[in-house]
Every structure is written in C-alpha cells, then in structure tokens.
Amino acid sequence: MDNIRELLIEAKVENLETVLEFVSQNLDESNFQMKERMQICVAVEEIFVNISNYAYNPETGGAIIRISVGNEVIVEFEDGGKPYNPLEKEDPDITLNAQQRDIGGLGIYMVKNIMDVVEYKHENGKNILTIRKYCSLPQR
C-alpha cells in the first residue's frame, strides 16, 4: 500500500461518522466516480459496525483503519478482538424472503459483491480485513 493514511479509533458505533469522514476525505483526492465512492463507504460502514459490535463484545477496543488511494482504493481494518474470518461464513440464500433466512451474513455478502477484492488474515493476534476497489476511470 502506497501513500497510506491511518486512523486509530475506538471500535464503537458512535465513531462511525468519524471513520466515514476519514475515508471520504481520502476519496476526495481520487478519480473515483460517485457510485464507486458510495460502494466503498457502504462497505466501510458494514465492516466497522461489525468490528464495533462483535470484535471485543462485551468490551470495546481499538481499531485501525488504513487507506491508500491511487488507481485503486485499499482499505484495511485491523482489530485485536476475537479471531474471526467473516469470509468463511456461508453466503445467505438471497432467494429466500427475510423471514426464512438465518440472521447475519448479509452485510459481508454485500461487501464481497460490491468490492473487487476482500481478503482476511489473522496475524500477530490481529484480525486484518482488506477491501479493494479498482477505479473505472484513469488517474488524473
């Protein structure tokens, strides 16, 4: 990741607006279209809320959000919570109506579908989830 910017923040839903502002400010320097920016922000929101609600439950802890913007946007989320790979969760059956589906999994399913790459690793006691979105327009 080149030109990395980093935000260290407590993983609490109340801090979501700060996280989204951090990501949006970095996207302002990019050539990404509005639709792509919205997709990135939706993915960031889903992942940060999941970290806030589940990583340290019932406690809270820190999260680091790193972003690199170029011909692609790379956003990396790091937390020291319980080891959990959301990519191992089976995708929900979206042919079923909401009452028939099991609870959970829809958010990460959405992230996997709107981002170009979603990767997870557990390293040095940390969960690290990385999302990438490639720019559809050439860099300025």
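Exposed, for today, means over 50% relative accessible area, and buried means under 20%. Keep those two cut-offs in mind. One more thing up front: this is a predicted model.

Let's start with Glu88. Glu88 has a relative accessible area of 65%, so it counts as exposed. Where does Glu88 lie? It is in the loop between strand S3, residues 72-79, and helix H3, residues 106-114. Tyr120 is 32 residues away from Glu88 along the chain. The C-alpha atoms of that pair are separated by 9.5 Å.

Now the sheet. It is open, with five strands. The order is S1-S2-S3-S5-S4, and the pairing is antiparallel. Which strands sit at the edges? Strand S1, residues 5-10, and strand S4, residues 117-123. Each of these pairs on one side only. On average, neighbouring strands in this sheet are turned by 15° against each other, ignoring direction.

Look at S2 next, residues 62-69. S2 and S3 run antiparallel, joined by seven bridges. Within that pair, Ile65 stands opposite Phe77 of S3. Helix H1, residues 16-27, lies across S1, S2 and S3. Its direction is at about 170° to S1.

On to the core. In general, nonpolar side chains in soluble globular proteins tend to be buried together. Here the largest nonpolar core has 35 residues. Which of them touch the most other members? Val44, Ile65 and Ile131. Several elements give two or more residues to this core: S1, H1, H2, S2, S3, H3, S4 and strand S5, residues 126-134. H2 gives the most, with nine residues.

Take Val44 in detail. Leave aside neighbours within four places in sequence. Val44 is then in contact with Val19, Leu20, Val23, Val75, Phe77 and Ile131. Phe77 is the residue that Ile65 stands opposite.

Now a charged side chain. Arg37 is in helix H2, residues 34-55. Is Arg37 buried or exposed? Its relative accessibility is 17%, which is under the 20% cut-off, so Arg37 counts as buried. Its contacts, not counting residues up to four places away in sequence, are Leu27, Asp28, Ser30 and Phe32.

Last, the cysteines. Cys41 has a relative accessible area of 16%, so it is buried. Cys135 is at 15%, so it counts as buried too. How many disulfides does the structure hold? Zero.

Technical notes
Residues are numbered from 1 along each chain as its sequence is written. This is a predicted model: local features need pLDDT of at least 70, side-chain atom pairs count only at pLDDT 80 or more; totals for chains, interfaces and linings use all residues. Side-chain values use heavy atoms; hydrogens and water are left out. Helices (H or I, at least four residues) and strands (E, at least two) are DSSP runs, numbered from the N terminus. Buried means under 20% relative accessible area, exposed over 50%, partly exposed in between (1.4 Å probe, protein chains only). Contact means heavy atoms within 4.5 Å. Two strands pair if DSSP finds at least two bridges between them. Axes are lines fitted to C-alpha atoms, for helices over the stretch in contact, and angles run from 0 to 180 degrees between N-to-C directions. A disulfide is a pair of cysteine sulfur atoms within 2.5 Å. A nonpolar core is a set of buried Ala, Val, Leu, Ile, Met, Phe, Trp, Tyr and Cys residues joined through side-chain atoms within 4.5 Å.
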